[in-house]
Amino acid sequence: MKSTDIRITDVRLDYEHYDYRTVMKFGGVPVDKATILNVHLDVVSREGHPGRGFGSMPLSNIWAFPSKQLSYDQTLGAMTKLAERFESIVKEFSDFGHPVDLGVRLEHQFVAAATALSTELELAEPIPKLAALVTGSPFDAAIHDAFGKLHGLSCYKTYGPDWMSHDVSHYLGDGYQGDWISDFVSETPKPTMPLYHLVGALDPLDDGELDQPTGDGLPDTLPQWIGHNGLTHMKIKLNGDDVQWDLERVIKVDRIAAECQVKRGVEQWFYSLDFNERCPNVEYLIEVLERIKEKSPAGFDRIQYVEQPTARDLKAHPDNKMHRAAELKPVVIDESLTDLETLLLAHEMGYTGAALKACKGQSQSLLMAVAIKKLNMFLCVQDLTCPGASLIHSAGLAAHIPGVAAIESNSRQYCPVANHGWDSRFSGIFDVKNGSMKTACLDGPGLGAVE
């Protein structure tokens, strides 16, 4: 029990809705709009000092609640109803504690509420745990934000024994005795970090693929984006159901990138490959990687890692072991990672890396960062086309965790209108130059974002 502990006294929600400037393809499904959940939260310390926090996250139901039986509006509607249920839970929650304590306790209640709501709504498919985490993440972010702002500190300076009553073993088990979150995160952000630019499966790579320019002043093709932001890192979305298409896509991206980088005098750049869990099996992934290596050895060498190649439900697909594929490149779980159990199962199945996402909660992300580091796995932080405050949150996570190679920022490509206002206050995050963000600004009170 610490005198610095806080209790929630009130919470309020609001939503923002935006259309994308261009269509983004996720998991075979085109996405052209976003709903942002904002959470405003009041707290008080044990000593009676008040504070206020803010959290924000796109609900991204296509990613968090994929369904062949429910429509986009039905899954989004379920998640917004879930947010209202979470609001009621938080208003009735009276515990004092550190934000990680409160976040972990609330997560259990949130997941149970999602199960109950699925039954009440008689949904054809239950709300997944991942959707509950995404919906709950702005609540958790607001708690951490309020704690830091109340004490006048960046959240990342409050994860050690001076502020927390428990080490990591309290949350993850005896194997973590003596470990504190502060041992695995940095109090100060890296001053700059490379940006991973998304090359979507529907994005025109060159003028020959460009049917209709947007005409909004932003780039339309890959060469234009490389020149506009000085890109050095590119995340290539692949379909996972056509080896030849995936192969040709990577080869063409590499050819275009090479041409642009030679003109710019850049000698080193990188790719990641994202199949969005659509590969039917690990043999498909191995074939794609081996054929890339055969056709373009230099392009193959530029691949840093492969993201979530096969189905997210690891227990339901025990044959999708990644040991052989991981001998070629690090293979990272993303959608699969919802708790320590899934992380340990993935590690057992041969995955050699894991992706943290702010949309799964600040508390869980920090605890999983510790577990991932202890397992000596490759670590990255990924985006959810996060705009505004949610991008600041995501970038802050990446900038404060040692070993994370780069930051993703897809909203600047697909939903820049949602960044208006934030881009002037945090220009280093939203104005990408020489392929990098200036992340030194991510040291403000709380999570660094201001309402």
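**Second largest cavity**

I started with the lining of the second largest cavity and sorted its residues by class: 7 are nonpolar, 6 polar and 3 charged. This is a predicted model, so every entry here describes a prediction. I then looked up the volume of the second largest cavity, which comes to about 140 Å³. Its lining counts 16 residues, and I noted Gly103, Glu107, Phe110, Gly136 and Asp140 as the closest to the centre. Next I asked which elements give two or more residues to this lining, and I got H3, H4 and helix H12 (362-374). H4 supplies the largest share, with 7 residues.

**H3 against H4**

Since H3 and H4 both turned up in that lining, I checked how they pack. Their axes lie 9 Å apart, at an angle of about 155 degrees. Angles over 145 degrees count as roughly antiparallel, so I wrote H3 and H4 down as roughly antiparallel to each other. I also noted that their crossing is right-handed.

For the contact itself, I listed Pro99, Val100, Leu102, Gly103, Leu106, Glu107, Phe110, Val111 and Ala114 on the H3 side. On the H4 side I have Lys129, Ala132, Leu133, Gly136, Phe139, Asp140, Ile143, His144 and Phe147. Sorted by class, the contact of H3 with H4 holds 12 nonpolar, 3 polar and 3 charged residues. I went back to compare names: Gly103, Glu107, Phe110, Gly136 and Asp140, the residues closest to the centre of the second largest cavity, also appear in this helix contact.

**H2 against H3**

Then I moved to helix H2 (residues 72-92) and its packing on helix H3 (residues 99-121). I read an angle of about 130 degrees and axes 10 Å apart. H2 and H3 are therefore oblique to each other. H2 passes H3 in a right-handed crossing. From H2, the contact uses Ala78, Lys81, Leu82, Arg85, Phe86, Ile89 and Val90. From H3, I noted Leu106, Gln109, Phe110, Ala113, Ala114, Leu117, Glu120 and Leu121. The class count for the contact of H2 with H3 is 11 nonpolar, 1 polar and 3 charged.

**H2 against H4**

Which way do H2 and H4 cross, right-handed or left-handed? I found a right-handed crossing here. The axes of H2 and helix H4 (residues 129-151) come within 10 Å and cross at roughly 50 degrees. That makes H2 and H4 oblique to each other, therefore I filed them that way. In H2, I picked out Met79, Leu82, Ala83, Phe86, Glu87 and Val90 as the residues in contact. They meet Ala131, Ala132, Val134, Thr135, Gly136 and Phe139 in H4. I sorted the contact of H2 with H4 into 9 nonpolar, 2 polar and 1 charged residues. Leu82, Phe86 and Val90 caught my eye, as H2 uses them against H4 and also against H3.

**Largest cavity**

How many cavities of 30 Å³ or more does the structure hold? I got 6. About 330 Å³ of space lies in the largest cavity. I counted 28 residues in its lining, with Met24, Ser60, Trp63, Leu384 and Thr385 nearest the centre. The elements giving two or more residues to this lining are strand S1 (6-26), strand S2 (29-45), helix H1 (61-64), H2 and strand S5 (233-237). S2 gives the largest share, 4 residues. By class, I have 12 nonpolar, 6 polar and 10 charged residues in the lining of the largest cavity.

**Largest pocket**

Last, I looked up the largest pocket, which holds about 480 Å³ of space. Its lining has 18 residues, and those nearest its centre are Gly27, Val29, Pro66, Ser67 and Lys68. I split the lining of the largest pocket into 8 nonpolar, 5 polar and 5 charged residues.

Key: Residues are numbered from 1 along each chain as its sequence is written. This is a predicted model: local features need pLDDT of at least 70, side-chain atom pairs count only at pLDDT 80 or more; totals for chains, interfaces and linings use all residues. Side-chain values use heavy atoms; hydrogens and water are left out. Axes are lines fitted to C-alpha atoms, for helices over the stretch in contact, and angles run from 0 to 180 degrees between N-to-C directions. Angles under 35 degrees count as roughly parallel, over 145 as roughly antiparallel, 65 to 115 as roughly perpendicular and the rest as oblique. A crossing is left-handed if the near helix is turned anticlockwise from the far one by less than a right angle, and right-handed if clockwise. Contact means heavy atoms within 4.5 Å. Ala, Val, Leu, Ile, Met, Phe, Trp, Tyr, Cys and Pro count as nonpolar, Asp, Glu, Lys and Arg as charged, and the others, Gly among them, as polar. On a 1 Å grid over the protein atoms alone, a cavity is a set of points where a 1.4 Å probe fits but cannot get out, and a pocket is an open set with protein on both sides within 12 Å along at least five of seven lines; lining residues have an atom within 4 Å of a point. Grid points are joined across faces, edges and corners, and a volume is the space filled by probe spheres set on the points.
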